[in-house]
Amino acid sequence: EQAEPFFRMRDDFTALTDCAAIWDVKADRATDKFRERTIASRTVSRERIRFSLGSCDLIQWEQEVPHLQNLNGGDIFLYPGFILYRASKTAFSVINFHDVKLTAVPVKFHEEDGVPSDSKTIGQTWAKTNKDGSRDKRFAGNYQIPIALYGDLTLKSETGLWEEFQFSNPERLDRFVKSWNAFVASFDDKISLVFTQERSEERRVGKECRSR
């Protein structure tokens, strides 16, 4: 009974990989609106990445699974029943889906690097603004900046997982989150992993990894 919701989630993840842009949010801070002359409440440091279907060499399975590239820590693989967090060749963690809180919200982003082809431009702002958002005429060469609507995804667990990604197409992100929730609801919150003696010996060098 888990197969259908898992493969549906994988299909929606595949559609998510086709977003014109996916970013790993590496850092963020609150904006000093007065000093920086902006209406943005948050300043974000991000870098483009790729999501894809793939596999981890720790798990032998003929199917490919969702693979989330991660610049802040280990890559993330979504297997049926558990999440594999791979920090390095000898450092990894197995995480229960039920232990991860998935949060997706639309975000308005002041885009100075060009709005991706599958994103919506919902407004305009200025590089330097007054408190009410109008153009600050004291700055020569003050230019307009498009405001794009993106999707923001956060994966967080009490064991230390905390990753944030941004997507150019929030509709595709919304579909993926719904299928994720349906998949997680399809099985119990207790998992049991059984390894052969040979495989368990290979894993003794591993250790638990946590991101930020």
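User: Against which elements do the buried residues of helix 3 pack?

Analyst: In this predicted model, the buried residues of helix 3 pack against helix 1, strand 5 (75-79), strand 6 (82-88), strand 8, strand 10 (144-157) and strand 11. The buried positions of helix 3 are P170, L173, F176, V177, S179, W180, F183 and V184.

User: How does the span of helix 3 compare with the expected value?

Analyst: Helix 3 has 15 residues, and the distance from its first C-alpha to its last is 21 Å, close to the 21 Å expected at 1.5 Å a residue.

User: Which residues have the most contacts inside the largest nonpolar core?

Analyst: They are L78, F167 and W180, in a core of 37 residues. Helix 3 (residues 170-184) gives the most to this core, contributing six residues. Apart from this core lies another, of six residues, among them V107, F109, A148 and Y150.

User: What does F167 touch, leaving aside residues up to four places away in sequence?

Analyst: F167 touches L16, C19, A21, I22, W23, F51, Y150, G151, L153 and L173.

User: How should one read an aromatic pair, and how many does the structure hold?

Analyst: A pair of aromatic rings is described by the distance of the centres and the angle of the planes. The structure holds 15 such pairs. In one of them, the ring centres of F6 and W61 are 6.2 Å apart and the planes stand at 55°, so the pair is tilted. This pair links distant parts of the chain: F6 belongs to helix 1 (residues 3-17) and W61 to the loop between strand 3 (51-54) and strand 4 (65-68), 55 residues apart.

User: Are F6 and W61 buried or exposed?

Analyst: F6 is buried, at a relative accessible area of 1%. W61 counts as partly exposed because its relative accessibility is 32%, which falls between the cut-offs of 20% for buried and 50% for exposed.

User: What is the geometry of the pair formed by F97 and W180?

Analyst: The F97 and W180 pair is edge-to-face, with 5.1 Å from centre to centre and 65° between the planes. F97 lies in the loop between strand 7 (91-95) and strand 8 (100-110), while W180 lies in helix 3, so the pair ties together parts that are 83 residues apart in sequence. Both residues, F97 and W180, are buried.

User: Which residues form the aromatic cluster?

Analyst: One aromatic cluster is formed by F6, F7, F13, F51, W61, F97, F165, F167, F176, W180, F183 and F187.

User: Which charged residues sit over rings, and where?

Analyst: R46 lies over the face of W23, 4.0 Å from the ring centre. The charged end of K128 is placed over the ring of F139, at 5.6 Å from its centre.

User: How is strand 1 paired, and which residues stand opposite D24?

Analyst: In a regular strand the side chains alternate between the two faces of the sheet. Here, strand 1 (residues 22-30) pairs with strand 11 (residues 162-167) in the antiparallel sense over three bridges. Strand 1 also pairs with strand 2 (residues 42-48), again in the antiparallel sense, over seven bridges. D24 stands opposite F165 in strand 11, and its bridge partner in strand 2 is E47.

User: What describes the chain as a whole?

Analyst: The secondary structure comes to four helices and 11 strands. Of the 212 residues, 42% count as buried. Among contacts between residues at least 6 apart in sequence, 62% join residues at least 24 apart.

Conventions. Residues are numbered from 1 along each chain as its sequence is written. This is a predicted model: local features need pLDDT of at least 70, side-chain atom pairs count only at pLDDT 80 or more; totals for chains, interfaces and linings use all residues. Side-chain values use heavy atoms; hydrogens and water are left out. A nonpolar core is a set of buried Ala, Val, Leu, Ile, Met, Phe, Trp, Tyr and Cys residues joined through side-chain atoms within 4.5 Å. Buried means under 20% relative accessible area, exposed over 50%, partly exposed in between (1.4 Å probe, protein chains only). Helices (H or I, at least four residues) and strands (E, at least two) are DSSP runs, numbered from the N terminus. Contact means heavy atoms within 4.5 Å. Two strands pair if DSSP finds at least two bridges between them. Rings of Phe, Tyr and Trp (its six-membered ring) pair if their centres lie within 6.5 Å; planes under 30 degrees apart count as stacked, over 60 as edge-to-face and the rest as tilted. A charge sits over a ring if NZ of Lys or CZ of Arg is within 6 Å of the ring centre and within 35 degrees of the ring normal. The expected span of a helix is 1.5 Å times one less than its number of residues.
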